[in-house]
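Trainee: Please take one part of this model and go through it closely. I would like a single connected account.

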Amino acid sequence: KDFFQDSGNIALFDGAMGTEIYRRGVYINQCFESLNITNPDLIHQICRDYIDAGADIIETNTFCANRFHLTRHGYEDRVKTVIQEGIRIAKRAAQNRGYVATAIGPIGKLLEPFGPARTEDLEEQYEEILQFAAEEGSDLLLFETFRDLKELEIALQIEKKLQTGIPVIAQ
């Protein structure tokens, strides 16, 4: 974590996990995050390839690892396992040659009044995700591809409340 404390460092991130999964023959109608359980070797190889290519930071395969998304694919009771395995796979691939960023995307439901999600629903889901990432020892939290700044604000407020101590990147 010293790397993140020195503002003079430049970090090279990996490439897009979803694109790489698709390129390797897994089609878009499947739940990519479930591959952490059903095909961990594929995810490990992708992470490893990015490390071997020179990435300093690799992302976990957890972008949509939230209760709402996983419920649509029958994995509602495996959120913790999906997140923890995603982090473990990336750490094994990095082998102390890089840092692991837990990828956290939007929940996938619009907030009221534009959609059915209440603030409390999102707070609960982000708290769950962040606790699992902290328990597994994530090096970095990457909140990515948020289109709704209110949702991103909710996620960041939960991180601040939990005080994980994990460096955060939000985009």
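Mentor: Start with His69, in a model that is predicted. His69 has a relative accessible area of 11%, and the cut-off for buried is under 20%, so His69 counts as buried. The residue belongs to helix H5, which runs over residues 67-71. Leaving aside residues up to four places away in sequence, His69 is in contact with Cys31, Glu33 and Cys64.

Helix H8 can be described at more length. H8 covers residues 149-162, 14 residues in total. At 1.5 Å a residue these should span 20 Å, and the C-alpha atoms at the two ends are indeed 20 Å apart, so the expected and computed spans agree. The buried residues of H8 are Glu151, Leu152, Ile154, Ala155, Ile158 and Glu159. Viewed down the axis of H8, these buried residues fall within an arc of 155°, and therefore they line one face of the helix. Their cover includes helix H7 (119-135) together with two strands, E3 (140-143) and E4 (168-170). Leu149, Lys160 and Lys161 are on the other side of H8, where they are exposed.

The two ends of H8 remain. At the N-terminal end, Asp148 acts as a cap: one of its side-chain oxygens is 2.9 Å from the backbone nitrogen of Lys150. Just after H8 comes Gln163, whose phi is positive, at about 50°.

Conventions. Residues are numbered from 1 along each chain as its sequence is written. This is a predicted model: local features need pLDDT of at least 70, side-chain atom pairs count only at pLDDT 80 or more; totals for chains, interfaces and linings use all residues. Side-chain values use heavy atoms; hydrogens and water are left out. Helices (H or I, at least four residues) and strands (E, at least two) are DSSP runs, numbered from the N terminus. The expected span of a helix is 1.5 Å times one less than its number of residues. Buried means under 20% relative accessible area, exposed over 50%, partly exposed in between (1.4 Å probe, protein chains only). The arc is that of the directions from the helix axis to the C-beta atoms. Contact means heavy atoms within 4.5 Å. A polar contact is a pair of N or O atoms within 3.5 Å; within protein, one must be able to donate a hydrogen and the other to accept it, and residues adjacent in sequence count only if both atoms are side-chain atoms.
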